[in-house]
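Subject: A structure for you to explore

Hi there,

Here is the structure I promised to pass on. Have a look around first, and then read on for what turned up.

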Amino acid sequence: RDPLAPWLARASRMTEMNTDSYLNRVGAEKDGHPSLKALEKLVRAHVTTVPFENFDVINGIPITIDISRFYAKIVQNRRGGFCYEINGLFQSLLRRLGYDVRLLSARVRNSTTRILGPEQDHLTLSVALPHSLTERYLVDVSFSDALCDPLPLVDGVSRRYDL
């Protein structure tokens, strides 16, 4: 059973998102149709305008997994967020623009201790273009500028990214 399925079901029901406002927030424009080039532009625009931040956690503000709240925080209030907020909202935008998106649970390795964090410690995305649902890309707009381009997910091929 996919532990992210209930969250995705709630996320897909969001109706309040204004796609044009979101694109304006990240300094991007609508590209006629989903393409790798358009996805690359969106990812770069997002990582250079929406910062990772965890002020709500530090200030004891409860985190609710709610796309409408993510939209208000990131787009309307022009703030950043943490991975579930940033990638969660970004997947909603990508779906509205015609991309096929899957949520992926990830683990983050501590750069000092080299120990992996717990399962579901990080949210990232697997994105496919409509013309090729088998060709997927790893997309993560919540780790600052660490992954500025969609990374092809190719079976049997690995890449190491030390942050």
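Please keep in mind that this is a predicted model. A good place to begin is the second largest pocket, which has a volume of about 220 Å³. Its lining is made up of 15 residues, and Glu29, Lys30, Asp31, Ala38 and Leu42 are the ones nearest its centre. Sorted by character, the lining of this pocket has eight nonpolar, three polar and four charged residues. Helix α3 gives the largest share of that lining, with four residues.

That brings us to α3 itself. Its 14 residues should span 20 Å at 1.5 Å a residue, and because its end C-alpha atoms are 20 Å apart, the expectation and the model agree. Which residues of α3 are buried? They are Ala38, Leu39, Leu42, Val43, Ala45, His46 and Val47. The cover over these buried residues includes α2, α6, β2 (122–129) and β3 (132–139).

Now for one of those partners. The axes of α2 (residues 19–26) and α3 (residues 36–49) cross at roughly 65° and come within 8 Å of each other. On the α2 side the contact uses Tyr22, Leu23, Arg25 and Val26, and on the α3 side Leu42, Ala45, His46 and Thr49. Five residues of this contact are nonpolar, two are polar and one is charged.

Next, take a look at helix α6 (residues 83–96). It also passes the length check: 14 residues at 1.5 Å each should span 20 Å, and its end C-alpha atoms are 20 Å apart. Twelve of its 14 residues are buried, so α6 is largely enclosed by the rest of the structure. Among the buried ones are Cys83, Tyr84, Phe90 and Leu94. Just after α6, Gly98 has a positive phi of about 105°.

Finally, find Tyr99, in the loop between α6 and β1 (100–106). Is Tyr99 buried or exposed? Buried means under 20% relative accessible area, and Tyr99 is at 6%, so it counts as buried. Beyond its neighbours within four places in sequence, Tyr99 touches Pro34, Ser35, Ala38, Leu39, Leu42, Leu94, Val127, Ala128 and Leu129. Tyr99 also lies 9.3 Å from Leu133, C-alpha to C-alpha, although 34 residues separate the two in sequence.

One residue to follow through the whole picture is Leu42: it is among those nearest the centre of the pocket, it takes part in the contact with α2, and it is in contact with Tyr99.

Enjoy exploring!

Best wishes

Terms used
Residues numbered from 1 in each chain as written. Predicted model: local features only at pLDDT ≥ 70, side-chain atom pairs only at ≥ 80, totals over all residues. Heavy atoms only, no water. Helix = DSSP H or I, 4+ residues; strand = E, 2+ residues; numbered from the N terminus. Expected span 1.5 Å × (residues − 1). Buried < 20%, exposed > 50% of the residue type's maximum accessible area, 1.4 Å probe, protein only. Axes fitted to C-alpha atoms, helices over the stretch in contact; angles between N-to-C directions. Contact = heavy atoms within 4.5 Å. Nonpolar A, V, L, I, M, F, W, Y, C, P; charged D, E, K, R; others polar. 1 Å grid on protein atoms, 1.4 Å probe; cavity = no way out; pocket = protein on both sides within 12 Å on 5 of 7 lines; lining within 4 Å. Points joined across faces, edges and corners; volume = space filled by probe spheres on them.
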